[in-house]
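Before this model goes further, here are some remarks to read alongside the coordinates. They are set out as numbered points, moving from one residue to the whole chain and then to the side-chain pairs.

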Amino acid sequence: MELKKIFNYKEIGKLFRSFSTTSGMDVALYDLYGNEQFCVRSEKCICNFIDSEQCRSKIVYSGDKAGCDVNELAAIYPDTAFIGNFNKMIMHKGEAALREEFERLKPCIDRGKYVLSVDHQTPPSVSIEDYRLYVKLLKEYAKR
């Protein structure tokens, strides 16, 4: 089902513009398949610097799936802040795999202007114990 049939886009537009103006952040709504349905972007948004298809495939679907590396993007756009890029598909693979992923992101963590988080929602294959371990390590790496 199309989101346009569910949501009142006029009201969502008001909400997004208000939030974007207040927070200074770009806001976008994507459907389940990664198709952009609505967005409010500032002039400095990275999506304005690269073509929209590349933006959608590399920014929206960050992490190993898209071959996107936040460390490379941070080097290209040093004044830009980033969020995500933690590969959620390894969250159920144990502490060693989690630490390897955190270490991959360490240059961006150390640089700053980066909010460490999973690239989308946590998959259902991740148990509560797996998630607790992720949060424990997230706190550890965030303090460094």
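1. Does Lys-88 count as buried or exposed? Since this is a predicted model, the answer is a computed one: Lys-88 has a relative accessibility of 17% and counts as buried, because the cut-off for that class is under 20% relative accessible area. The residue belongs to the loop between β3 (82–83) and α5. Its C-alpha atom is separated by 6.2 Å from that of Thr-122, although the two residues are 34 apart along the chain.

2. For the overall layout, the chain contains six helices and four strands, and when these are read along the sequence they give the pattern α-α-β-β-α-α-β-α-β-α. Of the 144 residues in the chain, 38% are buried. The chain exposes about 9300 Å², and carbon and sulfur atoms supply 56% of that area. Where contacts between residues at least 6 apart in sequence are considered, 56% of them join residues at least 24 apart.

3. The largest nonpolar core deserves a look in the viewer. It has 21 residues, among which Phe-86, Phe-102, Tyr-114, Leu-116 and Tyr-134 touch the most other members. Helices α4 (70–76), α5 and α6 each supply at least two residues of this core, and α5 gives the most to it, with five residues.

4. Four salt bridges are counted in the model, and three of the residues involved, Glu-95, Arg-99 and Glu-140, are linked in a network of such bridges. On one side of this network, the side chains of Glu-95 and Arg-99 meet with an N to O distance of 3.0 Å; both residues lie in helix α5 (residues 95–111), four residues apart, which is about one turn of the helix. On the other side, Glu-140 forms a salt bridge with Arg-99, the closest N and O atoms being 2.8 Å apart. That second pair links distant parts of the chain, with Glu-140 in helix α6 (residues 128–143), Arg-99 in helix α5, and their positions 41 residues apart in sequence.

5. How does the exposure of the network's members come out, with Glu-95 at 34% relative accessibility? At that value Glu-95 counts as partly exposed, and Arg-99 is likewise partly exposed, with a relative accessible area of 24%. Glu-140, at 27% relative accessibility, counts as partly exposed too.

6. A separate pair to inspect is Arg-104 and Glu-101, whose side chains meet in a salt bridge at 2.7 Å, N to O. Both residues lie in helix α5, three residues apart, or about one turn of the helix. The two partners fall into separate exposure classes: Arg-104 counts as partly exposed at 23% relative accessibility, whereas Glu-101 is buried, with a relative accessible area of 6%.

7. Which residues surround Glu-101, once those up to four places away in sequence are left out of the count? Glu-101 touches Asn-85, Phe-86, Asn-87 and Ile-90. One of these, Phe-86, is also among the core residues that touch the most other members. The side chain of Glu-101 makes a polar contact with the side chain of Arg-104 as well, at 2.7 Å.

8. Asn-71 offers a view of helix α5 from helix α4, where this residue is found. Leaving aside its neighbours within four places in sequence, Asn-71 is in contact with Arg-104, Leu-105, Pro-107 and Cys-108. Asn-71 has a relative accessible area of 18%, and it is therefore classed as buried, the limit being under 20%. Arg-104 thus appears both among the contacts of Asn-71 and as the salt-bridge partner of Glu-101.

9. Finally, Glu-103 lies in helix α5 and is partly exposed, with a relative accessible area of 37%. The C-alpha atoms of Glu-103 and Tyr-141 are 8.7 Å apart in space, while the two residues are 38 apart in sequence.

Definitions and conventions:
Residues numbered from 1 in each chain as written. Predicted model: local features only at pLDDT ≥ 70, side-chain atom pairs only at ≥ 80, totals over all residues. Heavy atoms only, no water. Buried < 20%, exposed > 50% of the residue type's maximum accessible area, 1.4 Å probe, protein only. Polar contact = N/O pair within 3.5 Å; in protein donor to acceptor, adjacent residues only side chain to side chain. Contact = heavy atoms within 4.5 Å. Core = buried A, V, L, I, M, F, W, Y, C linked by side-chain atoms within 4.5 Å. Areas by Shrake-Rupley, 256 points an atom, 1.4 Å probe, with all protein chains shown as cover.
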